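Reader: Before I set anything up on a model of this kind, I would like to learn how its features should be read, one kind at a time. Could you take me through them?

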Amino acid sequence: MEYKPLEIEKKWQKKWLESGVFEPSNDFSRPKKYILSMFPYPSGRIHMGHVRNYVISDAIARYYRKQGFNVLHPIGWDSFGMPAENAAIKNGVHPKKWTYENIDCMRGEIHPLGISFSKTREFATSDTLYTKHEQNIFIKMYEKGLVYRKKAVLNWCENCQTVLANEQVEEGRCWRCGNVVEQREMPGYYLKITNYAEELLRDLKKLENNWPSQVLTMQENWIGKSEGLEFDFELCAESKELLGGKFEGYKVFTTRADTIFGVTYSALAPNHPIVNEILERGVLDEHKSAVIKNMQRQNVKERQSSEKEGVDLGIFVIHPLTKKAIPVWVANFVLLEYGGGAVMAVPAHDERDFEFAKKYALPVIQTIKSNKDETTLPFTEYGTLINSADFSGLTSAEAKKEIINRFEKEGAGKRTINYKLRDWGISRQRYWGAPIPIVLCPKCGAVTEKEENLPVTLPDDVQITGEGNPLDKHPAWKFTKCPKCGGDAQRETDTMDTFVQSSWYFLRYTTPKELWSDMPFERESIKYWMSVDQYIGGIEHAILHLLYSRFFTKALRDLGFIEGIDEPFTNLLTQGMVLKDGAKMSKSKGNVVAPDNIIEKYSADTARLFILFAAPPQKELEWNDSAVDGAFRFVKRLADRSDNAEVCEHLPKIEHSALSKDEQYARRKVYEALKKSDESYKNGAYSFNTLIAASMEAFNALSAQMNRAVWSEGYFILLNILEPIIPHIASEISEKLFACKNFTHDIKIDESVFESESMILAVTINGKRRGEFEISVNASEEEIIAAGKIATAKWLEGVNIKKEIYVDKKLVNLVVA
């Protein structure tokens, strides 16, 4: 058969689209598989990272369709966000127009890859209907106390008149205009994710062995549960007076109560309220004030990565047990987001505190000694207490318990559980996002919009300049009536963080499009399709997106939107990045490979085969032009050799024992590949690279024998194995040759192919394959190793064999010097 890839691929893509074969069925009696790749942001062009994500999910979806499953394999668009506004500023195009034109462009680029996405479940999160239901969810959360409004200190650019996310602050300056960023207290809306901290942590156990352990660890660390002592550091009388009587003291949390007698100073975060009060009162000299203000301008990442830096604030707190005065410093390593932005510093037993104390010549008091060796400071392990009053001599474990008991008895502190996890601030002072459905009334305060008035949509007539929030500047949009009293009021001009949209989109896919206007998702559809059986995406989403999605699922369960679902994603696969010349593909590096160029030069099947063959899905993939050529040659050979097969309505009946050795070997390789196929999908490893290698090996074995019946049977089985990977050519050949072309055909493994008097084993030398040999299945290990040496004699000349390893029925490995 002459291989005409573009003609063949267009034909099958048209056929699949017209037949609706990729649409999920509403027959809920069938077994189901929900296969989902993380939806893309419509940036305008797809890249090989997208292609890898979609080809992996497509292979899985196609495999399970062949197995008779009802498969949901959707795609949508994460379409709100800052890039659209940046494009508007740069190119003078409206964010909405830019976004939907990009969606059309990317949809057009994905189609030629033959990805089996459902067309009827596709949506964009900026669609009006999606916003309507999201705003309704927001209101229900607000009514149940899962959303609240409060003031918080945010990054503010005076020049751009906008709030900046931490990642938009570069060395204390606005990423867009370079203006110095200041800290400003502003109101915002927060989702009470901390209500679910314990459940989010506990339910990670349910995901063990199904999610990468690295992701589970990252989530566990982000939630950051710790048990310890919370107590108040009371300010000295002079310090209270210096602060105008506004502060009595502040709370501190520690997991190491056993070290409390080693406290020599306390440190506050640069944006702690006490620090701000000191700056406002001007009690520090100009240099110290400038140092603190510079710290405040830095984002969290910059503070954590820079050298330890601090300023003596000139105030003191009283040690709760020794009653001694302790100096209070501001330090760049203390975060307001954790523990209230205040720490007790124990330099003898904490590396960070020790480094800071040495830099500023602060006292170091050892209060724990090692139970094993001579103690070197800082000593951060558990040991025995010294210099700790009547607690000296206790072990760290005993002392922690007794010291907390003392605090509780005296009413000075309490045993408590703390979490690093903070409530999720969702307010964004931007235009291109889902409007927050709150009306601010002078009489009634913050009031939720009436459900019948949803969705609150964005006005189209805005000017995006990069200065300020266009919604706040709009002459009419924000002015409205209070839903409660009917008086004059203003709409909330903040929009929602785009992580909100991506935290429930997977639930939306479950519901047929004809029901979308009435509900966010339909109960019976949710019950049938959820949870997602296989979720696929990049490791960069290991924390926030996955954590927020887990939170939303639990919150929506408790609000009555869904039933009996605790976790959204049963299995998670984090695919590796696609690299070229050792670096991640990017326009700035000039190393991007456009998928449409590969399709035009070779074929979509070539791109798919290379992507899945070049590396295991979880590993990084290095783009290799010669390997792409190799993938194309294999697909072409597969097509060219189709003339060797017989046109048949049924697979031929073959008596395996009557075949020659070459014919038996070919059949065995074909069925080994078939076994490998089932294992690769069902064990969740998705070892496409080894599956493709086994298929290539089987194809070579088939090509080396002359029996047309063996060829026809093997060829049909290989087409079935390869259909999820290279679907266009597999479908084309099968249609031409086999009446039994239905890829849901259940191929039974002929176990007789594995019964043999002999076996063929590979020989590797220092891990590299150097040959193979055939030997009786009854041969001893000594005989097998001896035969392996004979088969690779030329590789063993003049070398010393250090180790001989036989892997049962697979290979002989020789380690040589």
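Author: What follows is a conversation about strands, a pocket, cysteines and backbone angles.

Author: This is a predicted model, in which local features need pLDDT of at least 70 and side-chain atom pairs count only at pLDDT 80 or more, whereas totals for chains, interfaces and linings use all residues. Residues are numbered from 1 along each chain as its sequence is written, and side-chain values use heavy atoms, with hydrogens and water left out.

Reader: Which strands does S1 pair with, and in what sense?

Author: Helices (H or I, at least four residues) and strands (E, at least two) are DSSP runs numbered from the N terminus, and two strands pair if DSSP finds at least two bridges between them. Here S1, residues 32-37, runs parallel to strand S2 (residues 70-72), to which 3 bridges join it, and Tyr-34 stands opposite Leu-72 in S2. S1 also pairs in the parallel sense with strand S24 (residues 534-538), again over 3 bridges, and there Ser-37 stands opposite Ile-536.

Reader: What unit do S1, helix H2 and S2 make, and how many residues of S1 are buried?

Author: A crossover is called right-handed if, with the strands pointing away from the viewer, the path from the first strand over the helix to the second runs clockwise. S1, H2 (residues 48-66) and S2 make a β-α-β unit of this right-handed kind. As for burial, a residue is buried under 20% relative accessible area, exposed over 50% and partly exposed in between, with a 1.4 Å probe and protein chains only; in S1, 5 of the 6 residues are buried.

Reader: In what order do strands S26, S27 and S28 lie in their sheet?

Author: These 3 strands form an open sheet in the order S27-S26-S28, with mixed pairing. Strand S27 (583-584) and strand S28 (621-622) are the edge strands, each pairing on one side only. S26, residues 578-580, runs parallel to S28 and is joined to it by 2 bridges, with Glu-622 of S28 as the bridge partner of Leu-579.

Reader: How should I read the second largest pocket, and what lines it?

Author: On a 1 Å grid over the protein atoms alone, a pocket is an open set of points with protein on both sides within 12 Å along at least five of seven lines, unlike a cavity, where a 1.4 Å probe fits but cannot get out; lining residues have an atom within 4 Å of a point. Grid points are joined across faces, edges and corners, and a volume is the space filled by probe spheres set on the points. By that reckoning the second largest pocket has a volume of about 1000 Å³. Its lining has 26 residues, of which Lys-669, Glu-672, Ile-760, Lys-809 and Lys-810 lie nearest the centre.

Reader: Which element gives the most to that lining, and how do its residues divide by character?

Author: Helix H22 (661-682) gives the most, with 8 residues, while helix H23 (688-703), strand S29 (758-765) and strand S30 (768-776) are among the elements that each supply at least two. If Ala, Val, Leu, Ile, Met, Phe, Trp, Tyr, Cys and Pro count as nonpolar, Asp, Glu, Lys and Arg as charged, and the others, Gly among them, as polar, the lining divides into 11 nonpolar, 4 polar and 11 charged residues.

Reader: How many disulfides does the structure hold?

Author: A disulfide is a pair of cysteine sulfur atoms within 2.5 Å, and the structure holds 0 of them. Cys-177 has the sulfur of Cys-157 as its nearest cysteine sulfur, 3.5 Å away, and is partly exposed at 33% relative accessible area. For Cys-482 the nearest cysteine sulfur, that of Cys-441, is 3.7 Å away, and Cys-482 is buried, with a relative accessible area of 4%.

Reader: Where should I look for unusual backbone angles?

Author: Most residues other than glycine have a negative phi, and most peptide bonds are trans. In this model the peptide bond from Leu-377 to Pro-378 is cis, with omega near 0°, and Pro-378 is in the loop between strand S14 (368-369) and strand S15 (384-385). The bond from Leu-454 to Pro-455 is cis as well, with omega near 0°. Lys-323 has a positive phi of about 65° and is exposed, with a relative accessible area of 58%. Asp-581, in the loop between S26 and S27, has a phi near 55° and counts as exposed at 64% relative accessibility.
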